[in-house]
Amino acid sequence: VIKGKKGSVFNSPPRIAVALRARAPLARVGMGALSMYLVLYNASCMLGWASALVLAVQSLLATGGDLTQVWAATGLTLQVSQWAMCLEIVHAATGMVRSPVVTVFLQVMSRLVLVVVCLLSPASSATWWCGMMAISWSLVEVPRYAFYLNGLLGPGGQAGTLYPVFWLRYSLFSILYPTGISGEVGTMLTALSDPVFLVRVR
């Protein structure tokens, strides 16, 4: 929950609010070890997802908008960025951030299951469902981590958040979560009909 100066409340979507749950804004208390770590973590994740997004856009431009090539183009960059989110489970479990451990675990693991599915199922990773999923993930995560960084490095609250960052954080997810979920479902259904995948998971 983010409280503005006048007491207005903005409910954050059910993701892991790493930056906003940090001990206190850096501008007021200085940068402690935990805050330095969270800044580094969020900045690294933001850059990782931004790189994946750039690769996805380059693929679309090179192939005339062919979504079936996106997963292969983003490759290891997207996978590393997604696996790095496992640390958010650790953050919640150790009290580094005030997030419910079970919720964080389910959110992170649901993504990782899809990553493994794509690795085991060549057919599913070469579908437009998978491409849409990868782009949706990237477009959601870049502003999310930028928002958390703003919360760590700025004065905090709505007034201390850059408007473009605030707008992207609370506008894009309403479109990209449905497209991401649709891509995830389509990718999973494709994998379940892929003989290669079925053999590998036996």
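Which residue just after α2 takes a positive phi? That one is settled in the first of these close-ups, which come from a predicted model.

**View 1. Helix α2 and the glycine that follows.** G64 sits just after α2, and its phi is positive, at about 70°. As for α2 itself, the helix has 31 residues, and at 1.5 Å a residue these should span 45 Å. The end C-alpha atoms of α2 are in fact 45 Å apart, so expectation and model agree.

**View 2. The largest nonpolar core.** This core counts 36 residues, and the ones with the most contacts inside it are W49, W71, L78, M133, W137 and Y145. Two or more residues each come from α2 (33-63), α3 (70-84), α4 (86-93), α5 (101-120), α7 (128-153) and α8. Helix α7 chips in the largest share, with twelve residues. As a bit of background, nonpolar side chains tend to be buried together in soluble globular proteins.

**View 3. Zooming in on L78.** Skip the neighbours within four places in sequence, and L78 is in contact with W49, A52, W71, A134, W137 and S138. Among these partners, W49, W71 and W137 are also listed with L78 as having the most contacts inside the core.

**View 4. A nonpolar patch on the surface.** Here I181, V185, L189, L192, L198 and V201 make a nonpolar surface patch of about 510 Å². Helix α8 (residues 163-192) gives the most to the patch, namely four residues. V201 belongs to the segment after α9 (195-200). With a relative accessible area of 44%, V201 counts as partly exposed, because that label covers values between 20% and 50%.

Methods. Residues numbered from 1 in each chain as written. Predicted model: local features only at pLDDT ≥ 70, side-chain atom pairs only at ≥ 80, totals over all residues. Heavy atoms only, no water. Patch = residues over 30% accessible without salt bridge, like charges linked within 9 Å, V, L, I, M, F, W, Y side chains within 5 Å. Areas by Shrake-Rupley, 256 points an atom, 1.4 Å probe, with all protein chains shown as cover. Salt bridge = Lys/Arg side-chain N within 4 Å of Asp/Glu carboxyl O. Buried < 20%, exposed > 50% of the residue type's maximum accessible area, 1.4 Å probe, protein only. Core = buried A, V, L, I, M, F, W, Y, C linked by side-chain atoms within 4.5 Å. Contact = heavy atoms within 4.5 Å. Expected span 1.5 Å × (residues − 1).
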